[in-house]
Amino acid sequence: MRIGLLGTGPWAQMAHAPALSGHEKLDFAGVWGRRPEAAKELAERHGVRAYDDVDALFADVDAVAVALPPDVQASLAVRAARAGCHLLLDKPLAPTVEQARSVVAAAEEAGVASVVFFTTRFQPGPAAWIAEQAAVPDWFTARAEWLGAVFTSESPFATPWRREKGALWDVGPHALSVLLPVLGDVRRVTAAVYGPGDTAHVVLDHAGGASSTLTLSLTAPPAAAGAGVELRGEAGVAALPDGSDGAVPALTRAADALLDAARTGRPHACDAAFGLRVTEILAAGGGKICRKAPAALTERFSHWPVRFFG
């Protein structure tokens with residue numbers, strides 16, 4: 001399968017390009033980026049062609065991998081699908097439900113396969129754990145914590161879209177990708193509030209009868225950063241194991257999943273339709289989050305043990 005890469009930023013350089021160029025069953029054909037000079041540099045590094053015209057790239061490949069901000073990804077994914085390209089996408093699928101639906105519709109109409117790269121779902125230990133826990137009945141509750149230090153450390157991922165959308169949209173998809181297959185779909189978002197910085201606390205009611213809480217942040221102190229999921233129910237307590245073999249091996253497995261979906265015609269569990277469902281839940285959570293208090297009020301009550309909400 002010939003595949004092209006859309007995007008030239010840190011994630012494209014660190015994960016996508018190495019995974020595509022090193023994959024035994026993919027022919028990494030070229031790179032397109034919004035900055036032609038960056039596309040040329042990345043393409044030369046991997047011995048492939050740099051494209052100035054994204055439609056020309058679509059015409060030359062069977063699939064595209066996308067490492068772009070969500071709003072840019074959504075519009076280009078629609079165009080790529082309509083050009084007959086299979087889609088290896090990043091999370092979140094899109095910044096709005098409407099845009100996510102357009103990606104799903106375009107993929108379905110064109111009959112192309114899609115896989116959204118929810119990192120944890122493509123790490124062997126966590127993926128096996130998720131499958132095992134999904135078969136366990138009567139989970140009562142769960143908590144997921146995804147705490148990053150993107151805005152409290154020197155990080156190449158402190159990008160404009162993350163500053164605008166915050167942790168809910170950046171690491172929220174990771175938490176949901178673990179909880180949904182185990183606890184079932186979300187019937188409703190029962191509560192959502194802000195904490196320090198961009199921290200979001202979200203409470204979910206699941207179709208299986210369990211509830212879950214999400215604590216999400218990109219502004220955690222570096223020493224407090226980390227991720228974890230804990231389930232509690234009739235079977236006791238289960239904790240998500242560490243998946244630390246790196247982004248490139250995980251992305252390689254996501255590419256394997258795309259190849260399999262394209263070959264068999266069977267949708268992958270993390271396809272664009274699943275990405276759409278995650279987007280719908282994120283949008284519902286964002287709609288419930290209380291607005292932060294004006295700075296004067298925050299300062300006035302800064303001595304309180306909890307944040308004041310207006």
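The exercises below work through a helix, a strand residue and a pocket of this predicted model.

**Exercise 1. Determine how the span of helix α8 relates to the expected one, and whether its residues are mostly buried or exposed.**

Step 1. Helix α8 covers residues 172-183, and with its 12 residues it reaches 16 Å from its first C-alpha to its last, which is close to the 16 Å expected at 1.5 Å a residue.

Step 2. Because 11 of the 12 residues of α8 are buried, the helix is largely enclosed by the rest of the structure; among these buried residues are H174, L176, L179 and L183.

Step 3. After the helix comes G184, whose phi is positive, near 95 degrees.

**Exercise 2. Classify P181 by its accessibility, and find what it touches beyond its sequence neighbours.**

Step 1. P181 belongs to helix α8, and since its relative accessibility is 30%, which falls between the cut-offs of 20% and 50%, P181 counts as partly exposed.

Step 2. When residues up to four places away in sequence are not counted, P181 touches R121, I130, A134 and L176.

Step 3. The C-alpha atom of P181 is separated by 9.7 Å from that of A135, although the two residues are 46 residues apart along the chain.

**Exercise 3. Decide whether S212 is buried or exposed, and identify the partner of its side chain in a polar contact.**

Step 1. S212 is found in strand β10, which comprises residues 211-217, and because its relative accessibility is 1%, S212 counts as buried.

Step 2. The polar contact joins the side chain of S212 to the side chain of H206, at 2.8 Å.

Step 3. With neighbours within four places in sequence left aside, the contacts of S212 include A142, V202, V203 and L204, and they also include L179 and L183, two of the buried residues of α8.

**Exercise 4. Describe the largest pocket by its volume, its lining and the element that gives the most to that lining.**

Step 1. The largest pocket has a volume of about 1,300 Å³ and is lined by 48 residues, of which W11, K91, F157, R162 and H174 lie nearest its centre.

Step 2. Two or more residues of the lining come from each of α1 (10-22), α4 (70-82), β7 (139-147), α7 (160-170) and β11 (226-233), and α7 gives the most, with 4 residues.

Step 3. Sorted by character, the lining of the largest pocket divides into 23 nonpolar, 17 polar and 8 charged residues.

Step 4. H174, named above among the residues nearest the centre of the pocket, is also one of the buried residues of α8.

Methods: Residues numbered from 1 in each chain as written. Predicted model: local features only at pLDDT ≥ 70, side-chain atom pairs only at ≥ 80, totals over all residues. Heavy atoms only, no water. Buried < 20%, exposed > 50% of the residue type's maximum accessible area, 1.4 Å probe, protein only. Polar contact = N/O pair within 3.5 Å; in protein donor to acceptor, adjacent residues only side chain to side chain. Contact = heavy atoms within 4.5 Å. 1 Å grid on protein atoms, 1.4 Å probe; cavity = no way out; pocket = protein on both sides within 12 Å on 5 of 7 lines; lining within 4 Å. Points joined across faces, edges and corners; volume = space filled by probe spheres on them. Nonpolar A, V, L, I, M, F, W, Y, C, P; charged D, E, K, R; others polar. Expected span 1.5 Å × (residues − 1).
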